[in-house]
Every structure is written in structure tokens, then in C-alpha cells.
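User: I'd like to learn how to read salt bridges, helices and cores from a set of coordinates. Could you walk me through an example?

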Amino acid sequence: MVTGPVQQPSVVARPRVAHPAGLPADPHSIGLPGEPRPAGLAGDVHALGRAVSVTTGPRWREDVLLRLRPVRQGFAEHVRVTEGPSGLYRELLTQSPRLDHGVRLLTREHAAIVAAILAVQQIAERSEAPPDELRHRAGHLLRRLARHRRRGADLLWEAYQTDLGGET
């Protein structure tokens, strides 16, 4: 049972270590060596955004696919943790039934985001697909993820910080 807002570190420093082939050892590393970056799914989403925004090159699509994989896995974990039988949403509804609409909205967004991830993957795997189409779809996915994260944070704020004087 969660008794208050869950605190997680928002940034972690991930030093870059050179790979023998000249590639970073950590496929998620971005930015300058030792520069902090968002942790977890947020960091993976940030890395995907950076990969998509880079000028196309010979391995651009492969890099986008490489950065998309942890986003897909992280989002699947997010869905499991929130929607599972003992997940966060069930706990929120037990503690605050008034949040039912917000929980249903977030749950519906999960399916749409999974579909958007799949669409980006399919386009990135097609070498004949125009780069602009891949950028458009990836931008759509990134905006959906940002909006979903905001809505989830707002829901948690409402659940744990709003005192209506009768629910506990």
C-alpha cells in the first residue's frame, strides 16, 4: 500500500564508456560524458527523441529501432505495474474511487501508445519508407507519451495531494 507520493530520482548520471568499435557501450547514452539524463522510461523516451531528430545517415533507421526497443519494453513494464491485479490503478481506485474516469482514460491511452510504438517500428523497418514519415510517426508517439506522463502525474497528484475531507 502506498501511503504518499512515490519519490523516484528524476536524473541519474550514466558515464559513457567507449566500445571497441567506437560505439558507446551503453546504447542509451546520450549527451556529454557524465552528463545527467532522465532515468528509466523517461530517459529511453529522451534517447529516442534524440535519435529521431538526428540527420539521416546510413544507420539512422537502425539507431531509431535500437532506441525504440527499450521504450517498448519500458512501456510494457509501465502497463504491467499500473494495470496489473495489484497495480497502481487498482490501489488508486480503492483509496480514491472518484479517480475512476482518469484511470479509465489512462488505461485506454495504453492501447493507443502500444499501437503508436508498433507503427514507428514498422515504418523504421521499411527501408523504402520516407524519413519524414518516420519522423512524423515518432513525433506523434513522443507527444502521446509526454501527454500520458503528464496525465498520470496529475492523477497521482490529485490522489495523494488533494484533501477532500472524507477519503483516506
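Analyst: Happy to. Let's start with one pair: Asp132 and Arg135 form a salt bridge, with their closest N and O atoms 3.9 Å apart. Keep in mind that this is a predicted model.

User: How far apart along the helix are Asp132 and Arg135?

Analyst: The general idea first: an α-helix has 3.6 residues a turn, so residues three or four places apart point the same way. Here, Asp132 and Arg135 are three residues apart in helix α5, which means about one helical turn separates them. Asp132 is exposed, because its relative accessible area of 57% is over the 50% cut-off. Arg135, at 26%, is partly exposed. Another group worth knowing is Arg126, Glu128 and Glu133, which salt bridges with shared partners join into one network.

User: How many salt bridges does a search of the whole structure find?

Analyst: The search finds seven. One of them is a pair within α4: the side chains of Arg104 and Asp100 meet with an N to O distance of 2.8 Å. Those two residues are four apart in helix α4, about one turn. Arg104 is partly exposed at 42% relative accessibility, and Asp100 is partly exposed too, at 31%.

User: Which residue forms a salt bridge with Glu109?

Analyst: That partner is Arg151, and the closest N and O atoms of the pair are 2.0 Å apart. Glu109 lies in helix α4 and Arg151 in helix α5, so this salt bridge ties together parts that are 42 residues apart in sequence. Glu109 is buried, with a relative accessible area of 9%, whereas Arg151 is partly exposed at 33%.

User: Let's turn to helix geometry. What should the 31 residues of α5 span, and how far apart are its end C-alpha atoms?

Analyst: Take the rise of 1.5 Å a residue: helix α5, residues 131-161, should span 45 Å. Its end C-alpha atoms are 44 Å apart, which agrees with that expectation.

User: Which residues of α5 are buried, and what covers them?

Analyst: Buried residues of α5 include Leu134, Leu141, Leu142, Leu145 and His148. Their cover includes α1 (40-53), α2 (60-83), α3 (88-95) and α4 (100-125).

User: How do I read a nonpolar core, and which residues have the most contacts inside the largest one?

Analyst: As background, nonpolar side chains tend to be buried together in soluble globular proteins. In this model, the largest nonpolar core has 22 residues, and those with the most contacts inside it are Leu48, Val64, Ile117, Leu134, Leu141 and Leu145. Helices α1, α2, α4 and α5 are the elements that give two or more residues to this core. Leu48 is a useful one to click on: beyond residues up to four places away in sequence, Leu48 touches Val64, Arg67, Leu68, Val71, Leu141 and Leu142. Apart from the largest core lies another, of seven residues, among them Leu92, Leu99, Val103 and Leu106.

User: And a polar residue such as His110: is it buried or exposed?

Analyst: His110, which lies in helix α4, counts as buried because its relative accessibility is 2%. The side chain of His110 makes a polar contact of 3.0 Å with the side chain of His78. Setting aside neighbours within four places in sequence, the residues in contact with His110 are Phe75, His78, Val79, Thr82, Glu83, Tyr89 and His148.

Note on methods:
Residues numbered from 1 in each chain as written. Predicted model: local features only at pLDDT ≥ 70, side-chain atom pairs only at ≥ 80, totals over all residues. Heavy atoms only, no water. Expected span 1.5 Å × (residues − 1). Buried < 20%, exposed > 50% of the residue type's maximum accessible area, 1.4 Å probe, protein only. Contact = heavy atoms within 4.5 Å. Polar contact = N/O pair within 3.5 Å; in protein donor to acceptor, adjacent residues only side chain to side chain. Salt bridge = Lys/Arg side-chain N within 4 Å of Asp/Glu carboxyl O. Core = buried A, V, L, I, M, F, W, Y, C linked by side-chain atoms within 4.5 Å.
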